[in-house]
Amino acid sequence: MINFDFHKYIGNYVKKEDKVEYLEKAREIKSRFIEGDLKYWNKLESFISSQELKKIVNMTDYIRSNCNVFLVIGIGGSYMGSKAVIEALSPMYDRNGPEILFLGTNLCSEEYFETLEYLKDKEIILNVISKSGKTLETSIAFSLVMDLMKEKYTEEELKDRIIITTDPEKGDLRELANLKDYVSFTIPELIGGRFSCLTPVGLLPIAVSGINIIKLIEGARISYERVDRAIEYAVIRDIMYKKGKTVEAFTVYNPKLYYFTEWLKQLFAETQGKNKKGILPISCVNTRDLHSLGQFLQDGHDIIFETVIGIDKDKMVTLDQYDMELNSLNKIALDKVGLAHSNGNTPTNIITIDEKNEETIGELIHFFILVSIVGALLIDVNPFDQPGVEEYKKLINEELE
Ligand code: PA5
């Protein structure tokens, strides 16, 4: 369960009367989610069909017992969601099952050199993920790893070791899957990369890591209350934005949520940063970053508001010196930092999950997807494209040609 506190540390900043002018717009957006053109985003079946879900569940044991490295190749939305969930929910040390590696997120020769060396004597199953099937980084990683895998495995063996996740109909990867008879999964047509964590893009790697994806999507199961909360939070963000708060810091107090904040940065930057508009997302992992960005949030240029994701119950570590649980101290820190920052004119929204588990992470994912879409609608930009990302790809491709 998620609890929202959009009052305690923003009360002085966002007033009741600020919200009045949003009432009609909020009603209109809500009805679009409930029965209009945005209904698609409020249905679990839009993200994952029962057949694809079954196929993922059925393949998971096979993958886990037939490789020691499950290699995910993809960039942006094609990797960020699964990385976020895996890091959020896996143990820090001694993870069981295959090692999950991600490649294709840069063009750094040192990373490729070392990874390809490392992979030489590993049993690999590869999942290449790209909606367009033509992203530069993904194609390069795929071709380098394929060269290695062709040396290790026969054509027949490769059929059991290559999994393609891509558009249902078109693109180079879809053609390759058809041509070579590789196992494939589809990315629903209307769901772009950054929204695809609850599709096979995210669910297959997450399942292979040993996380229960049925519980994850159960958590994301649609609730109208979530739509209301998403609209409320998006309105608050928009009010702050209009008052000059052009930066939002997503702050966590559990380092395992670091990649979750990376996913949030991608989600909000690509969904809203258009036409010279949008709130710049940054992230803090506290209490570490209280000793770096914290100075700016407290005392620097007055352009930031903060959204904290807290966890109510966490593992028991007793602090004898204070006769209390460490997590209680962490929660005191969250609360007092909220107070300090709001006193320093950095208003703070607080979102708390009762526990960090599959259900609450699934719930958060769907909640933030809705917020990012509503936020884009409030500033009149198209939530679903990312023209700025295409621009650099075009220029590099022109140079290569
Ligand atoms: O959210 C998005 O749409 C992007 O971040 C894409 O996921 C990213 O550019 C990778 O694109 P593709 O999946 O087509 O390789």
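**Exercise 1. Identify the nonpolar patch on the surface and place leucine 329 within the fold.**

Solution. Step 1: Val317, Tyr322, Leu326, Leu329 and Ile332 form a nonpolar patch on the surface, with about 430 Å² of accessible area together. Patches of this kind are made of residues with over 30% relative accessible area and no salt bridge, nonpolar side chains (Val, Leu, Ile, Met, Phe, Trp, Tyr) being joined within 5 Å, whereas like charges are joined within 9 Å. Accessible areas come from the Shrake-Rupley method with a 1.4 Å probe, and for residues only the protein chains shown count as cover.

Step 2: Leucine 329 belongs to helix 15 (residues 326-343). Helices (H or I, at least four residues) and strands (E, at least two) are DSSP runs, numbered from the N terminus.

Step 3: Leucine 329 has 33% relative accessibility and therefore counts as partly exposed. The scale is as follows: buried means under 20% relative accessible area, exposed over 50%, and partly exposed in between (1.4 Å probe, protein chains only).

Basis of the exercises: this is a predicted model, in which local features need pLDDT of at least 70 and side-chain atom pairs count only at pLDDT 80 or more, while totals for chains, interfaces and linings use all residues. Residues are numbered from 1 along each chain as its sequence is written, and side-chain values use heavy atoms, with hydrogens and water left out.

**Exercise 2. State how the chain is divided into domains and how these domains meet.**

Solution. Step 1: The protein chain consists of domain 1 (2-36 + 220-386) and domain 2 (44-211); such bounds come from an automatic or database domain assignment.

Step 2: The centres of domain 1 and domain 2, taken over C-alpha atoms, are separated by 30 Å.

Step 3: Across the boundary, 27 residues of domain 1 are in contact (heavy atoms within 4.5 Å) with 21 residues of domain 2.

**Exercise 3. Describe the largest nonpolar core and the surroundings of phenylalanine 260.**

Solution. Step 1: A nonpolar core is a set of buried Ala, Val, Leu, Ile, Met, Phe, Trp, Tyr and Cys residues joined through side-chain atoms within 4.5 Å. The largest one has 91 residues, of which Trp41, Phe70, Phe260, Trp263, Ile361 and Phe368 touch the most other members.

Step 2: Helix 16 (residues 358-378) gives the most to this core, namely 13 residues. At least three residues come from each of domain 1 and domain 2.

Step 3: Neighbours within four places in sequence aside, phenylalanine 260 is in contact with Ala84, Ile309, Ile361, Leu364, Ile365 and Phe368.

Step 4: Another core, apart from the largest, has 24 residues, including Leu71, Val145, Leu148 and Ile162.

**Exercise 4. Analyse three salt bridges of the structure.**

Solution. Step 1: The structure holds 27 salt bridges, each defined as a side-chain nitrogen of Lys or Arg within 4 Å of a carboxyl oxygen of Asp or Glu.

Step 2: Lysine 243 and aspartate 18 meet through their side chains at 2.9 Å, N to O. Lysine 243 lies in the loop between helix 12 (224-242) and strand 7 (247-252) and aspartate 18 in helix 1 (residues 16-20), so this pair ties together parts that are 225 residues apart in sequence. Lysine 243 is partly exposed at 37%, whereas aspartate 18 is buried at 18%.

Step 3: Arginine 161 pairs with glutamate 123, their closest N and O atoms being 3.7 Å apart. The arginine lies in the loop between helix 8 (155-158) and strand 5 (162-166), and the glutamate in the loop between helix 6 (109-119) and strand 4 (124-130), so parts 38 residues apart in sequence are tied together. Arginine 161 is buried at 12%; glutamate 123 is partly exposed at 36%.

Step 4: For aspartate 238 and lysine 242, the closest N and O atoms are 2.5 Å apart. Both residues lie in helix 12, four residues apart, about one turn of the helix. Aspartate 238 is buried at 4%, while lysine 242 is exposed at 53%.

**Exercise 5. Locate serine 184 and list its contacts.**

Solution. Step 1: Serine 184 is found in strand 6 (residues 183-186) and is buried, with a relative accessible area of 15%.

Step 2: Neighbours within four places in sequence aside, serine 184 is in contact with Lys55, Ile164, Arg174 and Ala177.

Step 3: Serine 184 and lysine 55 are 129 residues apart along the chain, and their C-alpha atoms are separated by 10.0 Å.
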